[in-house]
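Work through the exercises below with the model open beside the text. Each task is followed by a solution that proceeds step by step.

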Amino acid sequence: MLNRRKFLLNSTLAATGVALQSKVFATPFREEKIAGNYPIVISTWDFGVAANQAAWKVLSSGGRALDAVEAGARIPEADPNNHSVGAAGYPDRDGHVTLDACIMDENGNCGGVAGMEYIDHPISVARLVMEKTPHVLLVGDGATQFAVANGFKKKQLLNAESEKAWKEWLKTSKYQPEMNIENKHFTPVPNKMPGNQYNHDTIGMLALDAAGNISGACTTSGMAFKLHGRVGDSPIIGAGLFVDNEVGGATSTGVGEEVIRNVGSFLVVELMRQGYKPEDACREAVNRIVKKKPELAKTLQVGFLAINKKGEYGAYALQKGFSYAVCNAEKQDLIIKGKSIF
Ligand code: SD4
């Protein structure tokens, strides 16, 4: 039985808890608009140009950043020439195309799918996980079932080009995770947007809308010819993507394992909270990875892209070759070469 003293103590604590809780919940996530450069959308790699343009249609008409990043991410997901994102992604080593994606909004809501087969728009399924379930991440068959239950059609995703590249890979079956494949399985497509000519890497996208709110999306087919069941950083909140509407957002590309080990995107956002500019925060996150694995520094690629509440943006990668696309009222097809350590 509780004695009176304990009871009073407990009830005081309980009351304090209630007061604290209601204070926490009463704090609005949407804070005052900060003057700055927005609306704006940025995304990883040259193929971000086409994706940004779709996002820009939403942002320029006063739409929400969340709708913008979903619309943008769907562009490379549907591109038959993009073999690192969405339906035309290279399969795993057993020939299964398994897709990873996540999305996060200005209120800290998030959702993701990992290792999902047969569904061509993982970013939209990720959004449904966020909006229609109490969960954050659905994987494998469960993710596919959830997508089908929500109206997505099951499709065979392995296309002829991806199958050809996989069969080529099978000849040696050399299990060496490839990240910078820009010159390897590369077939330029004439008369296409630059974004459609490349076949490498994840798209991570961050948008800041006219209301000053940030959302992000990240979608990929992951490492080409990966071990069946392997999941990278891209669908993992905090690793491949993180948004904190008080501070900014970050996303990553490259060898997901290293990004997960360092909770990379969360780290970038926290560094911005401490006052780092986006580019400096990205560089520091890359440095942390290198510091822990100096022996891998020359062979792996990792890159981060970030934006803060003012719409200032920046990126940093470990190796040369990283680029990102920026789109705002002044320019819709800007490609910026990311700085790198090497
Ligand atoms: C992954 N980070 O699955 C992704 C792949 C990627 O540049 O971004 N490639 O690890």
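A residue counts as near a molecule if one of its heavy atoms lies within 4 Å of that molecule. The model is predicted, so that local features need pLDDT of at least 70 and side-chain atom pairs count only at pLDDT 80 or more, while totals for chains, interfaces and linings use all residues. Residues are numbered from 1 along each chain as its sequence is written, and side-chain values use heavy atoms, with hydrogens and water left out.

**Exercise 1.** Describe the surroundings of the ligand and its polar contacts.

Solution. Begin with the residues around the ligand, which number 12, the closest being Asp201, Thr202, Arg230, Asp233 and Gly254. Next, look for polar contacts, which with a ligand are pairs of N or O atoms within 3.5 Å, whereas within protein one atom must also be able to donate a hydrogen and the other to accept it, and residues adjacent in sequence count only if both atoms are side-chain atoms. The side chain of aspartate 233 places an N or O atom 2.6 Å from a ligand nitrogen, and a polar backbone atom of glycine 254 lies 2.7 Å from a nitrogen atom of the ligand. An oxygen atom of the ligand is 2.8 Å from a polar side-chain atom of threonine 253. Finally, of the 290 Å² of accessible area that the ligand has on its own, the protein covers 99% (areas by the Shrake-Rupley method with a 1.4 Å probe).

**Exercise 2.** Is asparagine 245 buried or exposed, and which partners does its side chain reach?

Solution. Locate asparagine 245 in the loop between β7 (241-244) and β8 (248-254), where strands are DSSP runs of E with at least two residues and helices are runs of H or I with at least four, numbered from the N terminus. Asparagine 245 is buried because its relative accessible area is 4%, the cut-offs being under 20% for buried, over 50% for exposed and partly exposed in between (1.4 Å probe, protein chains only). Its side chain makes a polar contact of 2.8 Å with the side chain of asparagine 213, and also reaches the backbone nitrogen of isoleucine 214 at 2.8 Å.

**Exercise 3.** Which residues is alanine 73 in contact with, leaving aside its neighbours within four places in sequence?

Solution. Alanine 73 belongs to helix α3 (residues 65-78) and is buried, with a relative accessible area of 2%. Its contacts (heavy atoms within 4.5 Å), apart from those sequence neighbours, are Ile123, Met205, Ala217 and Thr219. Although alanine 73 and methionine 205 are 132 residues apart in sequence, their C-alpha atoms are 7.2 Å apart in space.
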